[in-house]
Amino acid sequence: RAVAMSVSHSSRLNKLVREQYMRLPQDGKVQVTYVWIDGSGEGVRCKSRTLDKEPKSVEDVPEWNFDGSSTAQAEGSNSDMFLVPVCMFRDPFCLDPNKLVLCEVLKYNRKPAETNLRHTCKKVMDLVKDSHPWFGMEQEYTLLGINGHPYGWPDNGFPGPQGPYYCGVGADKVYGRDIVESHYKACLYAGVKICGTNAEVMPSQWEFQVGPCEGIEMGDHLWMARFILHRVCEDFGVVATLDPKPMTGNWNGAGCHTNYSTEQMRREGGLKHIEAAIEKLSKRHDYHICVYDPRGGRDNSRRLTGHHETSNIFEFSAGVANRGASIRIPRQVGQDGYGYFEDRRPAANCDPYAVTEAIMRTTVLNETGVETKDYADH
């Protein structure tokens with residue numbers, strides 16, 4: 001009874017009845033679901049429309065609009081916002097030939113909305129494209145019941161201490177694997193570059209990884225993977241939270257560890273380029289902390305305590321195979337002398353566009369201090 005009460009009412013609707021309608025032919029028409037980031041900088045919204053034929057590329061999908069006053073992105077007196085399609089995926093919920101389309105949001109004057117961080121990220125990625133930056137981001141999240149309590153946790157009290165849950169197997173060690181595996185398959189179907197998943201240290205906490213992606217593709221694919229996660233959870237009647245510290249106390253927080261390399265770092269002898277990039281990052285720690293969560297570091301201050309496999313938010317550190325450091329160089333990379341490194345500071349609710357842009361500004365464009373340069377006129 002406790003488990004049944006923790007899921008949403010919608011999830012208990014008869015799915016077999018739904019299947020009857022989902023199998024109906026579409027007579028050549030195509031459903032396109034437009035997906036965008038709302039005014040919180042964390043939430044995603046969507047709405048759908050019909051096209052007369054299947055779009056072969058994102059350029060075939062028309063611009064659209066929405067009411068920005070209902071998403072904390074505009075005033076009611078001037079509420080229309082533009083949706084500009086930027087990346088297209090197959091739709092794992094309505095199936096082929098239907099599409100999911102990630103969009104940038106522009107204001108009435110066609111300037112980017114405040115939470116449209118893709119716009120400047122794309123400029124920076126175009127500037128640094130010759131360095132061929134690769135990213136892989138590890139998205140941690142926590143499953144909650146509809147009542148806000150971690151899914152599968154006792155109604156009163158707590159599960160046993162952390163230890164048996166990380167990569168665990170068994171009904172007493174992992175909660176919600178059906179959701180995780182459904183999300184994985186849905187991402188593969190969609191064309192999202194998901195590359196793995198595992199149960200995390202805190203019970204009902206999970207992680208999936210996206211990458212390697214080059215340049216702007218990292219943010220596009222991670223945002224769509226997040227949208228698909230929320231949609232899958234909706235079907236199961238639970239909630240996925242990206243809160244960096246969903247449970248206070250002796251429980252791990254949730255991050256979005258970011259693995260990064262340039263072409264120079266991936267070549268033989270690349271370790272010296274890795275070390276040079278880390279040195280640049282060490283001198284700009286405050287700037288990176290400010291952009292690594294949506295609230296200028298306030299969310300991460302609950303997570304980056306120096307405990308539970310995190311660094312201290314006030315100190316920069318780096319080390320080989322050190323999960324308590326700001327930057328971790330994998331042991332294999334240290335042995336091989338080339339490869340990539342991991343920035344462990346980004347929070348689970350970070351904007352991947354902001355994170356990848358910041359890394360490029362510091363390590364390739366050689367920016368310093370807390371101010372950023374405007375490259376619009378270059």
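This is a short tour of the pockets, cavities and two helix pairs in a predicted model.

**Stop 1: the largest pocket**

Start by selecting E138, E207, H257, R328 and E342, the residues nearest the centre of the largest pocket. In total, 36 residues line this pocket, and the space inside comes to about 560 Å³. Now colour β6 (134-144), β7 (194-199), β8 (205-214) and β10 (256-261): these are the elements that each give two or more residues to the lining. Which of them has the largest share? That's β6, with 6 residues. If you're thinking about chemistry, the lining splits into 13 nonpolar, 13 polar and 10 charged residues.

**Stop 2: the second largest pocket**

Next, pick L117, T120, V291, A354 and E357, which lie nearest the centre of the second largest pocket. Its volume is about 430 Å³, and its lining runs to 26 residues. Helices are what to highlight here: α3 (118-127), α8 (285-291) and α11 each supply two or more lining residues. The largest share, 4 residues, belongs to α11. Colour the lining by class and you should get 11 nonpolar, 9 polar and 6 charged residues.

**Stop 3: α11 against α5**

Keep α11 (residues 352-363) on screen and add α5 (residues 217-236). Their axes sit 8 Å apart, at an angle of about 155 degrees. Angles over 145 degrees count as roughly antiparallel, so that is the label for α5 and α11. The crossing of this pair is right-handed. To see what touches, show side chains for M218, G219, D220, L222, W223 and R226 on α5, then P352, Y353 and T356 on α11. Together they give a contact of 5 nonpolar, 2 polar and 2 charged residues.

**Stop 4: the other partner of the tour, α4**

Leave α5 displayed and bring in α4 (residues 177-190). How do the axes of α4 and α5 cross? They come within 9 Å and cross at roughly 135 degrees, which makes α4 oblique to α5. This crossing is right-handed. On the α4 side, select D178, I179, S182, H183, A186, C187 and A190; they meet A225, I228, L229, V232, C233 and F236 of α5. The class count for this contact is 10 nonpolar, 2 polar and 1 charged.

**Stop 5: the cavities**

Switch from open pockets to enclosed space. How many cavities of 30 Å³ or more does a search of the whole structure find? There are 2.

For the largest cavity, select I37, L102, C103, E104, V105, T115, N116, L117, R118 and Y353. You've met two of these names already: L117 was among the residues nearest the centre of the second largest pocket, and Y353 was one of the α11 residues in contact with α5. The volume here is about 90 Å³. Strand β5 (residues 99-106) gives the most to the lining, with 4 residues. By class, the lining has 6 nonpolar, 2 polar and 2 charged residues.

For the second largest cavity, at about 30 Å³, select Y165, K173, V174, A199, E200, M202, P203, S204, Q205 and W206. Its lining counts 6 nonpolar, 2 polar and 2 charged residues. With those residues shown, you've reached the end of the tour.

Terms used. Residues are numbered from 1 along each chain as its sequence is written. This is a predicted model: local features need pLDDT of at least 70, side-chain atom pairs count only at pLDDT 80 or more; totals for chains, interfaces and linings use all residues. Side-chain values use heavy atoms; hydrogens and water are left out. On a 1 Å grid over the protein atoms alone, a cavity is a set of points where a 1.4 Å probe fits but cannot get out, and a pocket is an open set with protein on both sides within 12 Å along at least five of seven lines; lining residues have an atom within 4 Å of a point. Grid points are joined across faces, edges and corners, and a volume is the space filled by probe spheres set on the points. Ala, Val, Leu, Ile, Met, Phe, Trp, Tyr, Cys and Pro count as nonpolar, Asp, Glu, Lys and Arg as charged, and the others, Gly among them, as polar. Axes are lines fitted to C-alpha atoms, for helices over the stretch in contact, and angles run from 0 to 180 degrees between N-to-C directions. Angles under 35 degrees count as roughly parallel, over 145 as roughly antiparallel, 65 to 115 as roughly perpendicular and the rest as oblique. A crossing is left-handed if the near helix is turned anticlockwise from the far one by less than a right angle, and right-handed if clockwise. Contact means heavy atoms within 4.5 Å.
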